[in-house]
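I opened this entry to set down what I looked up, beginning with how two chains meet and ending with one sheet.

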Amino acid sequence: MKQSKINTNQLRAVLTKQERPEPPNPLYAITTFSWRALLKIKRHPEQLLDVAALPILFLLMFTYLFGGAIAGSSREYLQFILPGILVQTVTQITMYTGMDLNKDIQKGFFDRLRTLPIWLPSSLLGSLLVDSFRYLIASTVMVSFSLLLGFRPQGGVVGVISAIALILVFCFSLSWVWNTLALLMRSEQSLMMLSMMVIFPLTFLSSAFVDPTTMPTFLENVVKYNPVSILVDAVRGLMHGNVELANIGLVFLSSVIIIIIFAPLTLFLYRRRK
Amino acid sequence: MYAIKAKKLKKTYGDFTAVNGIDLTVKKGSIFAFLGPNGAGKTTTIRMLATLIKPDQGEASLFGYDLIKQSKAVRQRISLTGQYASIDEALTGQENLILIARLLGFSVGKAKQRASELLESFGLDDAAKRQVKTYSGGMRRRLDIAASLIVTPELLFLDEPTTGLDPRSRSQVWQVVQALAEAGTTILLTTQYLEEADQLADHIAVINKGRIVAEGTAAQLKSSLGSGVLTLQLANQADLMHARSLLAGNQDIEKITDAKEGELRIKLKQPQIATQLLVELGQAGIKVPEFSLGQPSLDEVFLALTEER
């Protein structure tokens, strides 16, 4: 191998170039960050396996483990549970958004970003864009697989596609929660712990797996106002063709509320982080 | 013209005072070194001056722009290479530089061009298409510095640029720093190594427990500790013991230390008395095959300055 050497003359020439471009516009910065996130997927394609394999595993487990007990038959339970488990698995992988940000902070990459003349949120938005792509893959894989298992959505193609779109909207808003937590926690492990403590109750204490009317009154109320339940109900409605418009409106409302609270909080912490 | 002027900078974290009133002037185009042990406040000072953290007290201006009120103008002129490489390990060296270049506003084509120019002049062109996590410490450091130079800054902060590097990588980083200074960039670096400050810096500030305890050129710092040091190489252990006892009561000597085997370091109150001592030793029949009179090493200066103050 050729010995790597510093070329001093060339270095001097490179350094005396005084080119200082105009700061990039937000859109250009966002696409640049998306490019970075895509490169990471290219390097670690197993990340995609994660978002594709885990949902299938969950789907199989729940359908065949609980199906008979809860709904009488696996096939019937599948009709009920697919929308629920789709929401649960996809919302769970949104957690990784925070992990990535936390890693950037720990590794010092974040410091470099803060000295750049960019609109700060563009780094978050750029990776969220690519994350949405991952959620889309996860959703597609899961729906296709469940069709093979015997899932028959009454809402048809339009219903299924709009259901997935609705999930993406909600996941985008939920990502801000993870970003906030990522900026608050010092280490990746503690972030992981905290995120788990948020995501498990959030997804399990919902209408994803069982009908809330079978629960004790107190729990039923908790479940009813859980934004994940609202999303599950809307997704279920869209897929089976019996959605109430008010329900979809509620999903948008809760997404907006989450963003209103957590996006400014994230940006505030992002700016003042030492 | 000054690159940095700072007055009474202070930063506390809870009960701990990291930086306790630092005054600083750095001349434009010079290499300035902060020298101090771990936890002396070097990094905190540098991060304050690089607009990454806000000082609790004090004020500073860089190139005439106020650090706090005009932080955007300051940020456009500076670049920071931190203690830990701020690059993305999952990407290749080339991708890292393209990424930063694009975020600085270069078009995709220009970013690629700038990246390859830098990779080549930093001796990284062979490794350009490898993921950074396969890089050695020295390569990472060079890439990190290269990333700080995509747009040539007027002032570059280097926080412990050679900590943990092997001697060859270290001298490569030194080459870069010198080339940069020649190209007109002001450099403020921190280091724990006296040799590094001695080699590179025009001006050194010794920092300990959040305060500057001494300041000046390397020569000034050395002479501030006084006089000179006479190093004697003695023929054998018996002569060494003899010489030691002979010189023990001498009023002109500040301190005698055993340096290496068969070697005595004698700190003199005045350098002139060195000849006198050598004559005295000769008369007592002690052979001194080798001797040297020099200034104290920066190591000695450093230890003297940072010891219990």
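**Where the chains meet**

I looked first at contacts (heavy atoms within 4.5 Å), and found 55 residues of chain B touching 45 residues of chain A. The model is predicted, so I kept in mind that local features need pLDDT of at least 70 and side-chain atom pairs pLDDT 80 or more, while totals for chains, interfaces and linings use all residues. Residues are numbered from 1 along each chain as its sequence is written, chains are lettered from A in the order in which they are written, and side-chain values use heavy atoms, without hydrogens and water.

For buried area, the accessible area (1.4 Å probe) that two parts lose on being put together, summed over both, I noted about 4700 Å² between chain B and chain A, 56% of it on carbon and sulfur atoms. In chain B, the residues losing the most area to chain A are B:Arg102, B:Leu103 and B:Ser121, together 14% of what that side buries.

I then counted five salt bridges between the two chains, each a side-chain nitrogen of Lys or Arg within 4 Å of a carboxyl oxygen of Asp or Glu. One of them joins A:Arg112 to B:Asp144, with the closest N and O atoms 2.4 Å apart.

**The sheet in chain B**

Turning to chain B, I found an open, antiparallel sheet of four strands in the order E12-E13-E11-E14, where strands (DSSP runs of at least two residues) pair if DSSP finds at least two bridges between them. Strands E12 (253-258) and E14 (290-294) of chain B each have a single partner strand, so one side of each is left without a neighbour in the sheet.
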